[in-house]
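Student: Please take one part of this structure and examine it closely for me. I should like to follow how its strands are arranged, and then how another region compares in setting.

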Amino acid sequence: MEVKKFTFNPFQENSYVVYSENKDALIIDPGCYQDHEKEELVQFIEQMGLNPVRLLNTHAHIDHVLGNNFVSKKWNLGLELHELDLPTLQSVANYAHLYGFEGYELSPEPVAFLKEGDSIELGNERLDILFCPGHAPGHVAFYSEKDAFIIGGDVLFQGSIGRTDLPGGSFEILEKSIKEKFYTLPDETLVYCGHGPETKIGFEKMNNPFVKG
């Protein structure tokens, strides 16, 4: 599988397109809000000849769902996220204007819920769903054992962790998620973060000042 990162919106959120040899693609956490951001996403998908087949959210904070409506309509995709983050998704419309997103396009309701233990098939490849709350109640991550990477959302960052002062957040729960779901992965596993640069599990276990391995 190949991973393409885009950094969108004023929150500098990382959106991802994951695609396989057969050109099927997943769009994960589309944060595209401005027209030029939407155009950048479309241009990449069209230039690569990709066929988007699923729209996924690791969690539903505003910066990760700004492009849900656009992506859903553009490629006729139903949204999928964890059931516990449905209230998080539904609350976005109530506060989007407070962050200056007057033109927020309401995200579609999910057509299916993601569950730990399930997997996402992409061509001949597979991503395993890991449930890792703490930053958001229904946060999930997508792990490829074969290709040694994880799309981690806002769980673990390079030298940092997701904030826990938002509704439904908990440092104790997030710490548990990191130790049990992330730090148990091989050290060479590449973490594609929801903000900032990539990192590796082994590096964070040794150096992360918030959660030691």
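Tutor: Let us begin with one pair of residues: Val 191 stands opposite Thr 199 in strand E14. Please keep in mind that this is a predicted model. Val 191 lies within strand E13, which covers residues 190-193, while strand E14 consists of residues 199-200. These two strands pair in the antiparallel sense, over two bridges. Between them the hairpin has five residues, and in this hairpin Gly 196 takes a positive phi near 80°.

Strand E13 also has a second partner. It pairs with strand E10, residues 149-153, in the parallel sense and over four bridges. Here Gly 153 stands opposite Cys 193 of E13. E13 therefore takes part in one parallel pairing, with E10, and one antiparallel pairing, with E14. As you follow the strands, remember that side chains in a regular strand alternate between the two faces of the sheet.

We may now turn to the largest pocket, which holds about 370 Å³ of space. It is lined by 16 residues, and those closest to its centre are His 61, Ile 62, Tyr 95, Tyr 99 and Leu 166. Helix H2 (62-65) and helix H4 (86-95) each supply at least two residues of this lining. The largest share, four residues, comes from H4. Sorted by class, the lining has eight nonpolar, five polar and three charged residues.

Note on methods. Residues numbered from 1 in each chain as written. Predicted model: local features only at pLDDT ≥ 70, side-chain atom pairs only at ≥ 80, totals over all residues. Heavy atoms only, no water. 1 Å grid on protein atoms, 1.4 Å probe; cavity = no way out; pocket = protein on both sides within 12 Å on 5 of 7 lines; lining within 4 Å. Points joined across faces, edges and corners; volume = space filled by probe spheres on them. Nonpolar A, V, L, I, M, F, W, Y, C, P; charged D, E, K, R; others polar. Pairing = 2+ DSSP bridges.
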